[in-house]
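Reader: I am a first-year student and should be grateful for a close look at a single part of this structure, followed outward to whatever surrounds it. Please explain each step as you go.

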Number of protein chains: 2
Amino acid sequence: MIIDGLECGHFDRQSFLSLKTAGVAGVVVTCGFWEGALESLDSLGAWRDLIRENEDVATIATTPAEIEQAAADGKVAAILGYQNANLFEGRIRLVEMFAELGVRVVQLTYNNQNELAGSCYEVEDSGLARFGKEVVREMNAAGILIDCSHVGNRSTLDAIEASSKPIAVTHANADSLFPHKRNKTDDVLKALSETGGVIGCAAYRNITGDDYCASIEAWCTMVARTVEIAGIDTVAIGTDRSHNFTAPDYAWMRQGRWTRGIDYGAGSAARPGKAAPPEWFQTVEDMAVIPGGLAAVGFSQEEIDKITHKNWLRLYATTFRQAD
Amino acid sequence: MIIDGLECGHFDRQSFLSLKTAGVAGVVVTCGFWEGALESLDSLGAWRDLIRENEDVATIATTPAEIEQAAADGKVAAILGYQNANLFEGRIRLVEMFAELGVRVVQLTYNNQNELAGSCYEVEDSGLARFGKEVVREMNAAGILIDCSHVGNRSTLDAIEASSKPIAVTHANADSLFPHKRNKTDDVLKALSETGGVIGCAAYRNITGDDYCASIEAWCTMVARTVEIAGIDTVAIGTDRSHNFTAPDYAWMRQGRWTRGIDYGAGSAARPGKAAPPEWFQTVEDMAVIPGGLAAVGFSQEEIDKITHKNWLRLYATTFRQAD
């Protein structure tokens with residue numbers, strides 16, 4: 001059983017069938033990058049439609065028990081998440097409403113600074129701002145997991161300190177293993193570890209590097225090195241896999257509506273556009289090789305279970321609003 | 001002739017009559033604090049209605065020539081401004097559209113950090129962020145004056161550097177004269193001075209202090225000391241006067257929708273709610289005493305003209321989009 005801490009893109013029936021084949025029982029899906037409140041409601045509506053149309057193979061899960069039930073039923077559980085806090089549109093009272101509507105994971109900010117926090121791509125990371133402190137408290141109370149994957153390291157440390165619940169870095173790697181603005185410094189990984197947080201190791205080439213993408217052994221070696229830094233209870237999987245992503249989707253993800261220019265996101269002028277998936281991860285079904293790959297680099301079955309799903313389930317149990 | 005760099009509140013016919021009596025020919029009005037794009041269009045609509053209903057005494061001005069024409073016609077010119085960049089709602093392409101609709105002054109952020117910049121009330125001022133740099137360039141091109149009154153000192157310095165046009169601090173005082181988070185440090189005042197920017201001296205008690213509010217002489221002495229710091233071409237008037245402001249307006253201005261708690265804005269727990277106006281400025285008509293007050297502390301007529309209106313007119317000529 002695998003839980004993937006973050007995927008994105010346009011899911012369709014084939015996405016769920018492929019995930020099921022790969023042994024993925026739960027996946028945090030990206031319902032929005034830049035969308036405001038109303039657009040985010042639209043996105044929730046579209047997700048409800050998609051799940052209803054595919055209810056034989058997919059379901060929405062809002063609790064760890066619902067993910068486990070989905071697995072028992074042979075379905076893929078979609079956990080509703082946003083990669084930006086823009087869905088709240090500056091309104092503290094919308095946090096609990098989106099939680100009631102099923103949202104369980106929200107990243108404090110995406111590629112730009114916002115009212116809450118600094119981004120990993122800003123020259124200066126402000127740390128958690130006034131509204132950010134309010135939202136962290138409200139997300140704790142409402143039962144939404146705080147995600148700091150694209151958040152700056154300083155703001156991430158502030159969020160760990162401000163939050164009464166452990167937080168997640170759903171999709172990033174260790175900066176000490178592959179230096180990149182999107183990856184997390186060791187002090188962040190250690191602070192996550194000390195507070196019960198979890199990092200999902202990514203398999204997105206731009207933030208994983210060619211070496212760790214070259215084979216399943218290489219990628220699992222990266223996971224093992226991350227465990228050496230953060231401990232076995234802190235490390236999980238967050239592939240950052242996209243489904244049916246096209247050039248306009250990259251333009252939206254990176255440029256949104258905030259610039260007339262080009263932004264390369266995790267890529268660069270030398271590597272614009274879509275990064276090729278790792279050699280071992282050409283199709284979504286290839287995720288099936290992960291448990292065996294982890295065993296091959298020396299993890300025990302108990303450790304593999306923690307990395308593939310138990311660490312996420314423990315964090316979700318601690319942070320998710322329980323179904324009413 | 002007086003131009004007031006910033007006023008706020010619910011203007012009505014009496015507001016315009018009082019301003020006219022006081023000799024105020026132009027005033028930057030606050031069309032929004034926290035409002036998003038659609039709400040800001042609503043506000044523009046309401047302002048158009050108000051001006052049409054009072055077209056015998058008021059008009060909307062979008063150029064310095066229109067302000068001077070209003071003065072010649074015995075009318076008060078409203079210059080449309082926003083105290084937050086939230087009207088753009090993260091969309092770079094809305095900047096020129098709001099300029100076309102008559103908006104001429106926009107503050108990069110209000111009391112909280114946003115996608116553009118840090119606020120004076122944040123623990124840490126990030127400096128100008130990625131979207132802030134884009135918006136500064138776009139405002140320069142579209143002809144909207146950049147206002148940094150509530151913006152943090154560091155972000156203000158960044159904006160001065162990033163902007164190809166001079167910028168404004170429409171309503172604040174010198175921090176070295178009355179220390180307050182809302183006031184500007186001498187390095188900011190000097191950077192304004194070196195780049196052709198202008199600061200409007202405020203008469204809002206919370207950021208002016210009781211001593212400088214005690215009499216027109218005292219307030220004009222503060223203006224004279226500001227001129228000593230920033231030079232005669234940099235100092236103007238931005239009273240921050242509010243019209244028909246009630247408790248719910250203060251709640252909106254300070255708490256908006258971003259907190260469930262209480263925020264005191266420029267006030268404090270010891271001084272919540274509405275600050276009493278200066279002794280010399282009990283009614284809007286009292287602004288008529290300003291030119292005489294400036295003369296009494298030693299300014300020449302030429303200097304008085306710069307402070308009361310010519311510095312603003314020069315800055316507007318440099319920065320405002322000209323009517324198409």
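Author: Two residues are said to be in contact if their C-beta atoms, placed from the backbone, lie within 7 Å of each other. The model before you is a predicted one. With that understood, let us begin with a helix of chain A.

Helix α3 of chain A spans residues 64–72, and its buried residues are A:P64, A:I67, A:A70 and A:A71. Around the helix axis these four cover an arc of only 120 degrees, which puts them on the same side of α3(A). What do the buried residues of α3(A) pack against? Their partners in chain A are the strands β1 (2–9), β2 (24–30), β3 (58–60) and β4 (76–82), together with helix α12 (301–319). Just after α3(A) comes A:G74, which takes a positive phi of about 70 degrees.

A second helix of chain A can be read in the same manner. In α7(A), which covers residues 186–194, the buried residues are A:V188, A:L189, A:A191 and A:L192. Viewed down the axis of α7(A), they fall within an arc of 160 degrees, so they line one face of the helix. The buried residues of α7(A) pack against helices α6 (153–162) and α9 (216–230) and against strands β7 and β8 of chain A. After α7(A) comes A:G196, with a positive phi near 85 degrees.

Two of these partners, β7(A) and β8(A), are also joined to each other. Strand β7(A), residues 168–172, runs parallel to β8(A), and 3 bridges connect them. One residue pair shows the link: A:A168 has A:V198 of β8(A) as its bridge partner. Together with α7(A), the two strands make a right-handed β-α-β unit.

Is strand β8(A) covered on one face or on both? Both faces of this strand, residues 198–201, are covered: A:V198 and A:G200 are buried on one side, and A:I199 and A:C201 are buried on the other. Strand β8(A) also pairs with β9(A), residues 235–237, in the parallel sense and over 3 bridges. Here A:C201 has A:I237 of β9(A) as its bridge partner.

Beyond β9(A), the loop that leads to β10 (241–243) of chain A contains A:D240. The phi of A:D240 is near 70 degrees, a positive value in a residue other than glycine. A residue counts as buried if 20 or more other C-beta atoms lie within 10 Å of its own. A:D240 has 26 such atoms within 10 Å, and therefore it is buried.

Another loop of chain A, between α10 (247–255) and α11 (290–296), holds A:V289. With 18 other C-beta atoms within 10 Å, A:V289 is partly exposed. Apart from its neighbours within four places in sequence, A:V289 is in contact with A:I216 and A:W280. A:V289 and A:G23 are 266 residues apart along the chain, and their C-alpha atoms are separated by 9.6 Å.

We may now turn to chain B. In strand β5(B), residues 103–107, 5 of the 5 residues are buried. Strand β4(B), residues 76–82, runs parallel to β5(B) and is joined to it by 3 bridges. In this pairing, B:V103 of β5(B) is the bridge partner of B:L80. A further 3 bridges join β5(B) to β6(B), residues 145–147, again in parallel. There, B:V106 has B:I146 of β6(B) as its bridge partner. From β5(B) the chain crosses to β6(B) through helix α5 (residues 130–142) of chain B, and this β-α-β crossover is right-handed.

The loop between β4 and α4 (94–100) of chain B includes B:E89. B:E89 has a positive phi of about 45 degrees, although it is not a glycine. With 19 C-beta neighbours inside 10 Å, B:E89 counts as partly exposed.

It remains to see how the two chains are placed together. A turn of 180 degrees, with a shift of 0.0 Å along the axis, lays chain A on chain B with an RMSD of 0.0 Å. The two copies are thus related as by a two-fold rotation axis. Between them, 25 residues of chain A are in contact with 25 residues of chain B. On the side of chain A that touches chain B, 10 residues are charged, 9 polar and 6 nonpolar. Of the interface residues of chain A, 100% are also interface residues in chain B, so the copies meet through the same surface.

How values were computed: Residues are numbered from 1 along each chain as its sequence is written. Chains are lettered from A and ligands numbered from 1 in the order in which they are written. This is a predicted model: local features need pLDDT of at least 70, side-chain atom pairs count only at pLDDT 80 or more; totals for chains, interfaces and linings use all residues. Ala, Val, Leu, Ile, Met, Phe, Trp, Tyr, Cys and Pro count as nonpolar, Asp, Glu, Lys and Arg as charged, and the others, Gly among them, as polar. Copies are superposed by least squares on the C-alpha atoms of residues with pLDDT of at least 70 in both. A residue is buried if 20 or more other C-beta atoms lie within 10 Å of its own, exposed if 12 or fewer, and partly exposed in between; C-beta atoms are placed from the backbone. Two strands pair if DSSP finds at least two bridges between them. A crossover is right-handed if, with the strands pointing away from the viewer, the path from the first strand over the helix to the second runs clockwise. The arc is that of the directions from the helix axis to the C-beta atoms.
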